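The following note is offered to a colleague who is beginning to read protein structures. Please keep the sequence and the model in view while working through the numbered points.

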Amino acid sequence: MRARKFWGWGYEDELLTLEEENNIDKSIAKTFVLDSVERIEIPKIDDINLPESSLKSPNSLKAIVSNDKLERLNHSYGKSFPDSARSILGQFPAPPDFVAFPNSEEDITNLLDWASSNDIAVIPYGGGSSVCGGVETNVGGDYNGVVSLDMKNLNSIIEIDRDSRTALIQGGILGPDLEGQLKEYDLTMRHYPQSFEFSTLGGWIATRSGGHYATLYTHIDDFVESIKMITPSGLFESRRLPGSGAGPSPDRFAIGSEGIMGVITEASMRLQDRPTYRSSCTVEFTDYENALSALKHISQAGLFPANCRLLDSNEALFNGAGDGSKHLLIIAFESADHDKSHSLKRALEIVEEYEGIFEEPKESKDAHRSGSSGSWRSSFIRAPYLRESFTRRGIIQDTFETAITWDKSHKFIENIKNQAAKAILEITGKPSLITCRITHSYPDGLAPYFTFGAFSTPQSMIEIWKEIKLATNEICIANQGTVTHHHAVGRDHRPKGYDDQRPDLFNKVLVAAKSSLDPKGIMNPGVLIDPEGKNISNWMA
Ligand SMILES: Cc1cc2nc3c(=O)[nH]c(=O)nc-3n(C[C@H](O)[C@H](O)[C@H](O)COP(=O)(O)OP(=O)(O)OC[C@H]3O[C@@H](n4cnc5c(N)ncnc54)[C@H](O)[C@@H]3O)c2cc1C
C-alpha cells in the first residue's frame, strides 16, 4: 500500500527530481529578483504534534474508525495552497478526532445517528482533493468533536444497464478505478478533472466538478441520472429517469451540496462508448480578441468539440505549448460512432475567418497526445506536483476560475487580470504575471481559469494567500462573474464571494432545507452556509 503525502499531491514517493528542484529555485530567483531561495524541508510525521483526540468512539463504530496519526493528518485538510502550506509548516491545530471508513450504508447511518445525538461534526471525505476548504476539520467550538468520514471502501460499480448505457456506482470510487472497471465493459464516463487520480465520484457530484469535455457535458451534473444520499434524517433517493418535468429536481438539489446535506453513497451515471474516431488541431492567433471571437463562433455553431481550450500566449509558454508569441486554441473532436473530420473542417473554416493559423489537422486515435496539445496535456498532469515545490519555497502558485457571458467576455478577462495583478502588487510589493486559459465554453459564455505566482516567504505565505484569495473572490463578483465555475464553494469562496453572490432568499431556502435534513447541523458545518443556531469558525473570515 503506497501512502499519500499528507503535505502535498500524490504518493509519498512521487517527488520532483533534483534537476526539477534546482530549476524551480532558478526560476523563482529570476522572477522575483532574489539572491537565494529558502527551501523548507519535507515535513516528517514524527515531528508533528497533534492534539490528542477528545472523543471516544462507541463500541458499535469501533470496527470502522481509526485514530492513526497519518490518517488524522491526511484528513485534516484538502489540497489547496494553504492546506499544503499549513501541512508543510506542521500546523495542525484541529485535526479530526478520528477518521471513519464505513463499509456499508448501514455504517453511515449508524455514524450519523451517533454524531447527531452527541453534537459531533461529520465531514464527508472522498479523495480529499478539495481546493476550497471543503474537507477541513477546523469547524469551531460549538461541537463536541469532529469526524472525517472517508468513503474509500464504498468503491464498486454495482450494476450496468447496457440498454440505457448507464451504471449504478458507489460514491467512494476513485477516478482510475471507475474508468478501469468500466473499460472491462468497453464503456467510459469520460469525466476527467485534473485531479482525476485522487478524486471520487461522490466528491465530483458533491462539488459539481468540471471535466475533460470543454463543451456540452462540461460538469458532472450532465452525467447524473439519479442519486442516493444518506442524511441524518434518513434516505434521500431520486428515481432513475432520462429527464423529468416533475417539479424542482431532487438530483439538482443534491448535486453541489458539498457534504452539508448528507453523504452521497450511490449514483446512477450516464456513460459513453469509448471513442475511436479522433480529429484535432491547434490554431495560433496573434490577436486575443480574434481568438475569443472564433471560440464564441465555434461554441454557437452546434459543433460541440470535446476539447476547445484557449490558452493565452503566456499560459501556452508556461505549459510548454508555444513560444509565448501566440495564443493557442486546441480543438479536438471525438466519437465512438462516426468520423468527426467534417466537424473539425467546419471549425477550421470558422477560425480562418478570425485569422487563425494552423497546420494540417491530425486524424488518429492518439492525435490528442502529440504536438502542442500533447505538450499541454503532459504539463496539465504534472502541474500539481510542481505547485507544492513552490509552496516549499514560500512562493504562492495558485489558480482561480470563474464564468461570464459572451457579451462581457473580453473586457471581463482584461479587468480580472489587471485588477488581480494590481491587488497582488499591493499585497506583496512585487509584480505578478497572471495567465488565462478558457477551460469550458458554452453557447452563451465561457469559463476563464487564471493562474498566478505571487511573492511571499514561508513565514508570510499563509496570510498573504488569504489576502489574495479575498481579493480575487471580490474581483470575480464585482465584475459580475461567479466566484467559482467548478472548484466549488467550500469555506474559502464564501467571504467576499459566495456569501454575496447567493440570493438572500436562496440562503434561507438552503438553511431551512439543511434544518430539515440535518436538524443538529452536524454535516460539514461552515461549508456553503452556516447551519441554524451554530457558531461556526471560518479561518478565512
Ligand atoms: C491538482 C488539482 C486539480 C483539480 N482539478 C479540478 C478539475 O479539473 N475540475 C474540478 O472540477 N475540480 C478540480 N479540482 C478540485 C477537486 O478535485 C474537485 O472539487 C473534486 O470534485 C473533489 O472530489 P474529491 O473526491 O476529492 O472530494 P473531496 O475533496 O474529498 O470533497 C470535496 C467536497 O465534497 C464533499 N464530499 C466528498 N465526497 C462526498 C460524498 N460521497 N457525499 C457527500 N459529500 C461529499 C466533501 O465534504 C467536500 O465538501 C482539482 C483539485 C486539485 C488539487
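1. How many residues does helix α1 (residues 18-31) have, and how far does α1 reach from its first C-alpha to its last? The model is a predicted one, and in it α1 has 14 residues and reaches 20 Å between those two atoms. This span is close to the 20 Å expected at 1.5 Å a residue.

2. The next point concerns the two sides of this helix. E21, I24, D25 and I28 are the residues to look at first, since they are buried in α1. Viewed down the helix axis, the buried residues of α1 fall within an arc of 100°, so they line one face of the helix. The general rule is helpful here: an α-helix has 3.6 residues a turn, so residues three or four places apart point the same way.

3. The face of α1 turned away from the buried side carries the exposed residues E19, K26 and K30. E19 may serve as an example: its relative accessible area is 61%, and it counts as exposed because the cut-off is over 50%. The C-alpha atom of E19 is separated by 40 Å from that of K496, and the two residues are 477 residues apart along the chain. Following α1 comes V33, which has a positive phi near 50°.

4. Attention may now turn to the sheet. Five strands form an open sheet in the order β5-β6-β10-β8-β9, and their pairing is antiparallel. At the edges stand β5 (157-161) and β9 (234-237), each of which pairs on one side only. From one strand to the next, the twist averages 10°.

5. Within this sheet, the pairing of β6 and β10 can be followed residue by residue. Strand β6 (residues 166-170) and strand β10 (residues 263-270) run antiparallel and are joined by five bridges. One of the residues to locate is T166, whose bridge partner in β10 is R270. A helix should also be noted here: α5 (residues 175-183) lies across β5 and β6, and it runs at about 45° to β5.

6. Is T482 buried or exposed? T482 is found in the loop between α13 and α14. Its relative accessible area is 17%, and T482 is therefore buried, the cut-off being under 20%. The side chain of T482 makes a polar contact with the side chain of Q501, at 3.0 Å. When neighbours within four places in sequence are left aside, T482 is in contact with E401, T402, A403, C476, I477 and Q501.

7. The loop between α13 (461-478) and α14 (494-501) also holds A488. The backbone of A488 deserves a careful look, for this residue has a positive phi of about 75° although it is not a glycine. A488 counts as buried, with a relative accessibility of 5%.

8. A further residue should be read alongside A488. L528 is not a glycine, yet it has a positive phi of about 65°. L528 lies in the segment after α15 (504-517). With a relative accessible area of 7%, L528 is buried.

Note on methods:
Residues are numbered from 1 along each chain as its sequence is written. This is a predicted model: local features need pLDDT of at least 70, side-chain atom pairs count only at pLDDT 80 or more; totals for chains, interfaces and linings use all residues. Side-chain values use heavy atoms; hydrogens and water are left out. Helices (H or I, at least four residues) and strands (E, at least two) are DSSP runs, numbered from the N terminus. Buried means under 20% relative accessible area, exposed over 50%, partly exposed in between (1.4 Å probe, protein chains only). Two strands pair if DSSP finds at least two bridges between them. Axes are lines fitted to C-alpha atoms, for helices over the stretch in contact, and angles run from 0 to 180 degrees between N-to-C directions. Contact means heavy atoms within 4.5 Å. The expected span of a helix is 1.5 Å times one less than its number of residues. The arc is that of the directions from the helix axis to the C-beta atoms. A polar contact is a pair of N or O atoms within 3.5 Å; within protein, one must be able to donate a hydrogen and the other to accept it, and residues adjacent in sequence count only if both atoms are side-chain atoms.
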